[in-house]
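Got your viewer open? Let's take a walk through this model, one selection at a time.

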Amino acid sequence: MRNLYIDFDGVIMDTITTMNRIMDATNLDKSDPIACRRFYETLDWANILAITPEINDGIECIQKILDAGVFDTAILTHVNSLDEIVEKVKFLRKYFGNITIIPVPKKLSKTKMVHAQDAILVDDYSGNLREWEEAGGIGIRFNLKLNGKGFRVINRLDQLLEMDLVK
Ligand SMILES: [Mg+2]
């Protein structure tokens with residue numbers, strides 16, 4: 001069975017919009033990389049996940065994918081703090097008892113955390129997908145407007161089940 005890795009932010013939950021909204025409400029200097037890093041490292045993730053909407057029934061779609069039993073599925077998510085890991089795991093465990101959850105320190109490529117060869121990555125960030133394909137994996141972009149930026153593209157996770165990806 002093929003490994004399927006699903007990104008969290010911007011794929012399952014619309015956390016990027018929430019983080020941008022919180023950032024805009026501060027008077028943070030966005031051109032200051034140290035201030036930006038500090039901002040991301042000190043976010044309150046229990047609060048973020050409590051106020052963030054899900055994207056296109058992401059949770060239900062993952063359950064459908066798990067039920068189909070055609071992929072070895074895991075969540076592969078970049079993180080900026082230990083609090084972010086703890087709260088993302090708590091959140092996902094409310095819905096999924098035994099899915100694998102792999103946090104990746106923001107400074108590392110997702111390809112350094114797992115073996116990308118022949119595995120699928122669903123991600124909204126084309127930079128991650130480019131690295132993934134360079135490492136021999138299959139990149140699928142998640143984009144609400146179906147802008148693939150050169151990758152195959154979906155805007156609902158259960159569309160994976162209609163693609164020719166099973167081996
Ligand atoms: Mg993302």
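Start with the two domains, coloured separately: 13 residues of domain 1 are in contact with eleven residues of domain 2, where contact means heavy atoms within 4.5 Å. To colour them, select 2-13 + 53-162 for domain 1 and 15-51 for domain 2; these bounds come from an automatic or database domain assignment. The C-alpha centres of the two domains lie 22 Å apart. About 970 Å² is buried between domain 1 and domain 2, with carbon and sulfur atoms giving 62% of that area. Buried area here is the accessible area (1.4 Å probe) that two parts lose on being put together, summed over both.

A quick word before we zoom in: this is a predicted model, where local features need pLDDT of at least 70 and side-chain atom pairs count only at pLDDT 80 or more, while totals for chains, interfaces and linings use all residues. Residues are numbered from 1 along each chain as its sequence is written, and side-chain values use heavy atoms, with hydrogens and water left out.

Next, click on the magnesium ion. Which protein donors does it have? They are Asp7 (OD), Asp9 (O) and Asp124 (OD), at 2.0 to 2.2 Å from the ion. Donors are N, O and S atoms within 2.8 Å of the metal (3.2 Å for Na, K and Ca), and water is not among the atoms, so sites may look incomplete. Along the sequence, the donor residues follow the spacing D-x1-D-x114-D. Asp7 and Asp9 are both buried, meaning under 20% relative accessible area (exposed is over 50%, partly exposed in between; 1.4 Å probe, protein chains only).

Now for the rings. The whole structure holds five aromatic pairs. Rings of Phe, Tyr and Trp (its six-membered ring) pair if their centres lie within 6.5 Å; planes under 30 degrees apart are stacked, over 60 edge-to-face, and the rest tilted. Select Tyr5 and Trp132: their ring centres are 5.7 Å apart and their planes at 70°, so this pair is edge-to-face. Tyr5 is in strand β1 (residues 2-6) and Trp132 in helix α6 (residues 126-134), 127 residues apart; helices (H or I, at least four residues) and strands (E, at least two) are DSSP runs, numbered from the N terminus. Tyr5 and Trp132 are both buried.

Move on to Tyr95 and Phe96, a tilted pair with 6.4 Å centre to centre and 55° between the planes. Tyr95 is partly exposed at 39% relative accessibility, whereas Phe96 is buried at 2%. Add Phe8 and Phe91 to your selection, and you have a cluster of Phe8, Phe91, Tyr95 and Phe96 linked by ring pairs.
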